[in-house]
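Here are my comments on the structure you asked me to look over, set out as numbered points. Please read them with the sequence and the coordinates side by side.

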Amino acid sequence: MKMSFLVHISTLPHTLLLLFLLVIHHHKANAASDQCDLFTGRWVVDKSYPLYDPAACPFIEREFSCQKNGRRDLDYTEYRWQPLSCNLLRFNGQDFLERFRGKSIMFVGDSLSRNQWQSLTCMLHVAAPYAKYNLTRQEDLSIFTFTDYGVKVMLDRNVYLVDVVREKIGRVLKLDSIEGGKLWKNIDMLIFNTWHWWNRRGPSQPWDYIQVGRQIMKDMDRMVAFETALATWAGWVDSNIDPAKTRVFFQGISPSHYNGSLWNEPSAKSCVGQKQPLLGSRYPGGLPPAVGVLKGALSKITTPVILLDVTLLSLLRKDGHPSIYGLGGPTGMDCSHWCLAGVPDTWNHILYNLIL
Ligand SMILES: *[C@@H]1O[C@H](CO)[C@@H](O)[C@H](O)[C@H]1NC(C)=O
Ligand SMILES: *[C@@H]1O[C@H](CO)[C@@H](O)[C@H](O)[C@H]1NC(C)=O
């Protein structure tokens with residue numbers, strides 16, 4: 001209505017001026033991430049979603065390819081995150097690539113980092129489908145290069161951030177050693193993450209001893225171990241990062257959904273069959289305790305590090321996991337990772353809004 005009125009009575013210059021003012025206003029209201037908490041909000045249906053068709057992203061790994069693995073319900077792909085008091089600017093992959101021309105981005109962490117890394121490479125690839133790319137993997141380092149732009153989007157798989165060293169006694173998790181940081185120097189944007197491996201026990205625990213200073217132990221309180229490692233990482237950031245050159249983010253704690261009591265559905269023993277998110281902004285089960293530990297560690301750091309605080313918004317997405325459509329197939333039950341297209345696209349969408 002407004003527009004037809006405007007076009008009807010205005011001369012062309014007036015119209016342009018008004019449009020210009022609208023654009024300015026729109027931009028101000030949207031890019032207000034300084035004043036607006038982008039992580040408080042709710043999920044709303046948006047039929048223009050998902051941001052990409054996963055079939056148009058040929059390099060997605062099988063563990064995130066839910067549709068290819070047989071998932072038929074697609075409502076979960078049509079939710080947009082709506083912050084409470086402002087709007088996210090729509091993701092613009094072309095603009096993202098231009099901003100990072102000749103630069104490098106590195107995700108460092110476990111498979112949740114791989115999840116977000118794959119999401120970003122897909123979001124950028126669909127934005128520039130004819131731009132050449134080169135994907136290589138050497139041991140723990142995966143490098144996705146948009147060769148036409150000279151943009152590198154990398155993944156360093158490093159599940160604890162601190163080191164695991166093979167010694168005579170066995171594999172030692174060293175909470176105050178961070179030699180792995182050698183790979184993180186001279187990168188333009190770093191996005192760290194660690195959490196999911198801190199509670200591993202038994203055969204899937206990739207260390208035999210844990211060391212702090214000169215003390216070597218068979219085990220210790222895992223939350224304290226996590227906190228100690230984060231302090232080591234914070235020290236590394238403070239002594240190695242030049243904030244004028246490098247932006248640093250922490251991916252935050254990505255939650256799992258294996259206990260329906262936490263979302264008021266006690267009969268659910270996993271995320272299988274979940275087709276809708278929780279509506280509203282509250283998760284009945286509250287935040288995992290690791291979030292508090294992480295926030296405490298970040299508060300002690302001097303270098304600017306932005307927490308990509310994805311926990312609550314992801315907690316609301318009990319419908320977003322692969323469940324039986326992941327790497328393990330019907331016998332696996334993956335309620336930790338996320339389908340792509342899906343929730344990690346929103347993490348990247350918010351990341352984009354934070355660097356504008
Ligand atoms: C892809 O990247 C690798 C590692 O950087 C390099 O050795 C290789 O030549 C590249 N391939 C192409 C086609 O550019
Ligand atoms: C699920 O969560 C509820 C509520 O916190 C708790 O009482 C219960 O022990 C949990 N169940 C499992 C299997 O962890």
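**Notes on the predicted model**

1. Setting aside residues up to four places away in sequence, Met106 touches Met154, Asp156, Trp184, Ile187 and Leu190. Please keep in mind throughout that this is a predicted model, so I would begin with that residue and its surroundings as the prediction places them.

2. Met106 also belongs to the largest nonpolar core, which has 76 residues, and it is listed there with Leu161, Leu190 and Ala229 as the residues with the most contacts inside that core. Which helix gives the most to this core? Helix α5, covering residues 222–240, does so with six residues.

3. The pairing of the strands around Met106 can be followed step by step. Strand β3, residues 104–109, pairs with strand β9, residues 189–192, in the parallel sense over four bridges, and within β9 it is Leu190 that serves as the bridge partner of Met106. On to the next pairing, β9 is joined by four bridges to strand β12, residues 247–250, and these two run parallel as well; here Ile191 has Phe249 in β12 as its bridge partner.

4. Ala229 deserves a separate look, since its place is in helix α5. Is Ala229 buried or exposed? It counts as buried, because 25 C-beta neighbours lie inside 10 Å, where 20 or more are required. Not counting residues up to four places away in sequence, Ala229 touches Tyr160, Leu161, Val162, Leu175 and Thr194. Ala229 and Leu173 are 56 residues apart in sequence, yet the model sets their C-alpha atoms 9.9 Å apart in space.

5. Leu173 leads on to another sheet, for strand β8 covers residues 170–174. This open sheet has four strands in the order β7-β8-β10-β11, with mixed pairing; its edge strands, each pairing on one side only, are β7 (163–167) and β11 (215–217). From one strand to the next the twist averages 30°.

6. The mixed pairing can be read from two of the neighbouring pairs. Strand β8 is joined to strand β10 by three bridges and the two run parallel, with Val172 standing opposite Tyr209 in β10. By contrast, β10, residues 209–212, pairs with β11 in the antiparallel sense, again over three bridges; Ile210 has Met217 in β11 as its bridge partner, while Gln211 stands opposite Ile216. The hairpin of β10 and β11 has two residues between the strands, and in this hairpin Gly213 takes a positive phi near 60°.

7. Helix α4, residues 111–127, passes a simple check on its geometry: at 1.5 Å a residue its 17 residues should span 24 Å, and the end C-alpha atoms are 24 Å apart, which agrees. Of those 17 residues 15 are buried, so α4 is largely enclosed by the rest of the structure.

8. Finally, a word on confidence. The mean pLDDT of the chain is 92, and 90% of its residues reach 70 or more, but there are two stretches that call for caution. Over residues 1–12 pLDDT stays under 50, and the model has four contacts for them beyond four places in sequence; over residues 15–32 pLDDT likewise stays under 50, with 12 such contacts. Where pLDDT is low, predicted coordinates should not be read in detail.

Notes:
Residues numbered from 1 in each chain as written. Chains lettered and ligands numbered in written order. Predicted model: local features only at pLDDT ≥ 70, side-chain atom pairs only at ≥ 80, totals over all residues. Pairing = 2+ DSSP bridges. Axes fitted to C-alpha atoms, helices over the stretch in contact; angles between N-to-C directions. Core = buried A, V, L, I, M, F, W, Y, C linked by C-beta atoms within 7 Å. Buried ≥ 20, exposed ≤ 12 C-beta atoms within 10 Å, placed from the backbone. Contact = placed C-beta atoms within 7 Å. pLDDT = per-residue confidence, 0-100. Expected span 1.5 Å × (residues − 1).
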